[in-house]
Amino acid sequence: MQRIERVFPVLFCLTLLLCVPSLCRADDGFEGRWEGAILFKEGQIELDMVARLQQQPGGDWKAVVDLPVVGVVDHSTEDVRIEEDQIVLRFTLQGAEQTLTGRLDEDGTVIEGTFQRGEQPPSPVYLERRAAPEDRPDVELLSLSGPVELKERFNRDLGNVRLVLLLAPT
Amino acid sequence: MGSRVVARHVLQKIDHEDLRVYMVWLPILDGDDREAAQRSANRIAEPRVTHYWGSDLELTETFKAPIGLEEGKAWDIFVLYDDDTVWGGEVPRPSSFMHQRLPLPEERTLDARELAREVRSLLPE
């Protein structure tokens, strides 16, 4: 009996040591900036979304959401619930409750789930852990004064399938 | 928005090295300047992608004929070429194209999953 009493605190501490880090890892995994889209009609109508998640000193979570295409920036969420690898995030927009329900993948780099606006059917949502664009290194941006440089590059890349996109940056 | 849809469905899902993508950012809307183009480009950092900033809208005219656009400017377009097309005097006729919000056939409205299928069909096994 005395042996059990001596061993119990050791076992208890060992159990605590084994469990606590895994709990912390699951929660820490959501902290940061997440960028992706709500796939209203996959491949066609995909609404860009950014969510910034931060755990408060007391343990509660705070989230701020951007939906830039519809002019929503730094929109605070009313409720963030995180349990292990699951997240439920709720906020109100134009009087309708928006609910994101997602799961963090094993690598801690992707949240996949659904996004539901009010009573409408849920749409898939996909978010990746990404640094803010202003914090990313600049990619090379070549200057074009007309079609000539593009034509040269296009012909230099002969032998490859080529896709030309003409876009507005905003 | 179209650029990131293409990035998600074409670039992230097709890792073939014989694909080149030219993203030409143009001053179409208010606020479209080189800085905005740089921010948009930074969102799609991929070795097969070359980003350009076009300071004028000449390309929006030169790409009208190949896609059959009669009015307005050719922008928000996604123009696909096979591996042996040469750009000679004029912009060549593409294998296929897609668009957003242009007065062009509705069935060619951007569907990045379909675009990815068309890209795959042109790539060698």
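**Exercise 1.** Starting from its relative accessible area of 63%, decide whether B:R101 is buried or exposed, and then describe its place and backbone angle.

*Solution.* The first step is to set the rule: with a 1.4 Å probe and the protein chains only, a residue is buried under 20% relative accessible area, exposed over 50%, and partly exposed in between. B:R101 has a relative accessible area of 63%, so this residue is exposed. The model is a predicted one, in which local features need pLDDT of at least 70 and side-chain atom pairs count only at pLDDT 80 or more, while totals for chains, interfaces and linings use all residues. Side-chain values rest on heavy atoms without hydrogens or water, residues are numbered from 1 along each chain as its sequence is written, and chains are lettered from A and ligands numbered from 1 in the order in which they are written.

The second step is to find the place of the residue, which is the loop between β4 and α5 of chain B; here helices are DSSP runs of H or I with at least four residues, strands are runs of E with at least two, and both are numbered from the N terminus. The third step concerns the backbone: most residues other than glycine have a negative phi. B:R101, although not a glycine, has a positive phi of about 60°. In chain A, A:D74 also has a positive phi, near 55°, and this residue is found in strand β4.

**Exercise 2.** Find the salt-bridge partner of B:R101 and compare the exposure of the two residues.

*Solution.* Side chains of opposite charge can pair when their charged atoms come close. The rule applied here asks for a side-chain nitrogen of Lys or Arg within 4 Å of a carboxyl oxygen of Asp or Glu. The partner is B:D76, and the closest N and O atoms of the pair are 2.6 Å apart. This pair links distant parts of the chain, since B:D76 lies in the loop between α4 (64–67) and β3 (77–81) and B:R101 in the loop between β4 (96–99) and α5 (112–122), 25 residues apart. B:D76 has 7% relative accessibility and therefore counts as buried, whereas B:R101, at 63%, counts as exposed.

**Exercise 3.** Describe other salt bridges of the model, including the one between B:R4 and A:D48.

*Solution.* Over all chains, the count comes to 18 salt bridges. In one of them, B:R4 and A:D48 have their closest N and O atoms 2.4 Å apart, and the pair crosses between chains, from helix α1 of chain B to strand β2 of chain A. Both of these residues are buried. Within chain B, B:E46 pairs with B:R48 at 2.6 Å between the closest N and O atoms, and B:R48 counts as buried because its relative accessibility is 10%. Finally, salt bridges link A:R33, A:E35, A:R136 and B:R43 in a network.

**Exercise 4.** Which elements give two or more residues to the lining of the largest pocket, and which do so for the second largest?

*Solution.* A pocket is an open set of points on a 1 Å grid over the protein atoms alone, where a 1.4 Å probe fits and protein lies on both sides within 12 Å along at least five of seven lines; lining residues have an atom within 4 Å of a point. Points are joined across faces, edges and corners, and a volume is the space filled by probe spheres set on them.

The largest pocket has a volume of about 490 Å³. Its lining has 26 residues, of which A:P169, A:T170, B:M1, B:R4 and B:S40 are the closest to the centre. The elements asked for are β1 (32–41) and β2 (45–55) of chain A together with α1 (2–11) and α2 (34–42) of chain B.

The second largest pocket has a volume of about 270 Å³. Among its 15 lining residues, the closest to the centre are A:E128, A:R130, B:A7, B:Q12 and B:R43. Here the elements are β1 and β9 (123–129) of chain A with α1 of chain B, and α1(B) gives the largest share, four residues.

**Exercise 5.** Describe the setting of B:L115.

*Solution.* B:L115 is found in helix α5 of chain B. Its relative accessibility is 0%, so B:L115 counts as buried. Its C-alpha atom is separated by 9.7 Å from that of B:V79, 36 residues apart along the chain.
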